[in-house]
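Hi there,

Here is the structure I promised to pass on to you. Have a look at it first, and then read on for what turned up.

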Amino acid sequence: GYSAAGKLRWFCKSCAKTSIQKRPDTTKHWRKRQLRSWLTGNTTLESISMRNFCTVRTLLNRFSNFWTDIPLPITPSTLSQTYLVVDAIYLAGHSECVLIGRAGNGHIFWLFAKQETTAVWMDFFRKLPMPAALVCDAQSGLLSAVKMVWPKIPMQRCLAHLQRLAVSKLTRRPQTLAGQELLRLVYTIHGIKTGRDRDKWVADFDGWT
């Protein structure tokens, strides 16, 4: 039969008692999935606790066992046929950050650090084989590290970061006609996909100036 919670109940013929079979490995697997959905998705602790009929404090106690079990990325032997996109994400309180790299072949790399510095980025790059090209936000410490570790690598500034910086300088509602025209041009940056797109954008920018 089944328990009141709907779990399968087993009967022992020797002692004439019933019990529910526990699977620690399954429990650990589902708790890891809950932690992942909280950290990487938009699921809140409150909604997870409601679905599992427990309190938020109970959830945090369950998750505490996983904080020391940080998975390590798998590094391929070569990235010479693909590009690498890198960025740093600061955690709550800016007391720690994560350097993240995503390669065009789907591999993801990461490194935890206290802050984004040249030394930390050098450590990050030295753990990886040199890719065919690098895409980054042009942070000063990152650029210095690239020059020391991969001095000849082709590099492109991230278009999303470039567009965001330009919008922050122009504001979303420029007061001058020149600013409005430039903002419209800035909004087309993310559409650059090919060399022809780049040449057209540069020509449009030269025409604006």
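**Two helix pairs**

The axes of α7 and helix α8 (residues 195-208) come within 11 Å of each other and cross at roughly 180°. That makes α7 roughly antiparallel to α8, because an angle over 145 degrees counts as such. In case you wonder about the two numbers, two packed helices are described by the angle between their axes and the distance between the axes. Please keep in mind throughout that this is a predicted model.

Which residues bring α7 and α8 into contact? From α7 they are A178, E181, L182 and L185, and from α8 they are W201, D204, F205 and W208. Sorted by class, this contact has 6 nonpolar residues, no polar ones and 2 charged ones.

Now compare that with helix α4 (residues 118-126) and helix α5 (residues 140-149), whose axes come within 8 Å and cross at roughly 45°. That makes α4 oblique to α5. The crossing of these two helices is right-handed.

On the α4 side, the contact is made by T118, W121, M122, F125 and R126. They meet G141, L142, S144, A145, V146, M148 and V149 of α5. By class, the contact of α4 with α5 has 8 nonpolar, 3 polar and 1 charged residues.

**A closer look at α4**

T118 is a good residue to zoom in on, and its place is in helix α4. Is T118 buried, partly exposed or exposed? With a relative accessibility of 25%, T118 counts as partly exposed, because that value lies between the 20% and 50% cut-offs.

Leaving out residues up to four places away in sequence, T118 touches G141, S144 and A145. The C-alpha atoms of T118 and A145 are separated by 5.2 Å, although these residues are 27 residues apart along the chain. The side chain of T118 also has a polar atom that lies 3.4 Å from the backbone oxygen of G141.

Other parts of α4 are hidden from the surroundings: V120, W121, M122, F124 and F125 are buried. What do the buried residues of α4 pack against? Their partners are the strands β3, β4 (97-103), β5 (108-113) and β6 (131-136), together with helix α5.

**A buried threonine in β3**

Strand β3 (residues 79-90) holds T82. This threonine counts as buried because its relative accessibility is 11%, and buried means under 20%.

The side chain of T82 reaches the backbone nitrogen of G104 at 3.1 Å. A polar atom of that side chain also lies 3.5 Å from the backbone nitrogen of N105. If you set aside residues up to four places away in sequence, T82 touches A103, G104, N105, P131, A132 and A133.

**A lysine in α1**

K32 lies in helix α1 (residues 24-40). Its relative accessible area is 31%, so K32 is partly exposed. Apart from neighbours within four places in sequence, K32 is in contact with F66 and D69. The C-alpha atoms of K32 and F66 are separated by 7.8 Å, with their positions 34 residues apart along the chain.

**Two loop residues with positive phi**

Here is some background on backbone angles. Most residues other than glycine have a negative phi, and most peptide bonds are trans.

With that in mind, look at F53, whose phi is near 55°, a positive value in a residue other than glycine. You will find F53 in the loop between α2 (45-51) and α3 (56-63). F53 counts as exposed, because its relative accessibility is 79% and exposed means over 50%.

T171 is another example: its phi is near 70°, again positive in a residue other than glycine. Its place is in the loop between α6 (159-170) and α7 (177-186). T171 is partly exposed, with a relative accessible area of 39%.

**The whole chain**

How many helices and strands does the protein chain have? Its secondary structure comes to 8 helices and 7 strands. Of its 209 residues, 28% count as buried. Finally, among contacts between residues at least 6 apart in sequence, 36% join residues at least 24 apart.

Enjoy exploring, and write back with any questions!

Best wishes

Note on methods:
Residues are numbered from 1 along each chain as its sequence is written. This is a predicted model: local features need pLDDT of at least 70, side-chain atom pairs count only at pLDDT 80 or more; totals for chains, interfaces and linings use all residues. Side-chain values use heavy atoms; hydrogens and water are left out. Axes are lines fitted to C-alpha atoms, for helices over the stretch in contact, and angles run from 0 to 180 degrees between N-to-C directions. Helices (H or I, at least four residues) and strands (E, at least two) are DSSP runs, numbered from the N terminus. Angles under 35 degrees count as roughly parallel, over 145 as roughly antiparallel, 65 to 115 as roughly perpendicular and the rest as oblique. A crossing is left-handed if the near helix is turned anticlockwise from the far one by less than a right angle, and right-handed if clockwise. Contact means heavy atoms within 4.5 Å. Ala, Val, Leu, Ile, Met, Phe, Trp, Tyr, Cys and Pro count as nonpolar, Asp, Glu, Lys and Arg as charged, and the others, Gly among them, as polar. Buried means under 20% relative accessible area, exposed over 50%, partly exposed in between (1.4 Å probe, protein chains only). A polar contact is a pair of N or O atoms within 3.5 Å; within protein, one must be able to donate a hydrogen and the other to accept it, and residues adjacent in sequence count only if both atoms are side-chain atoms.
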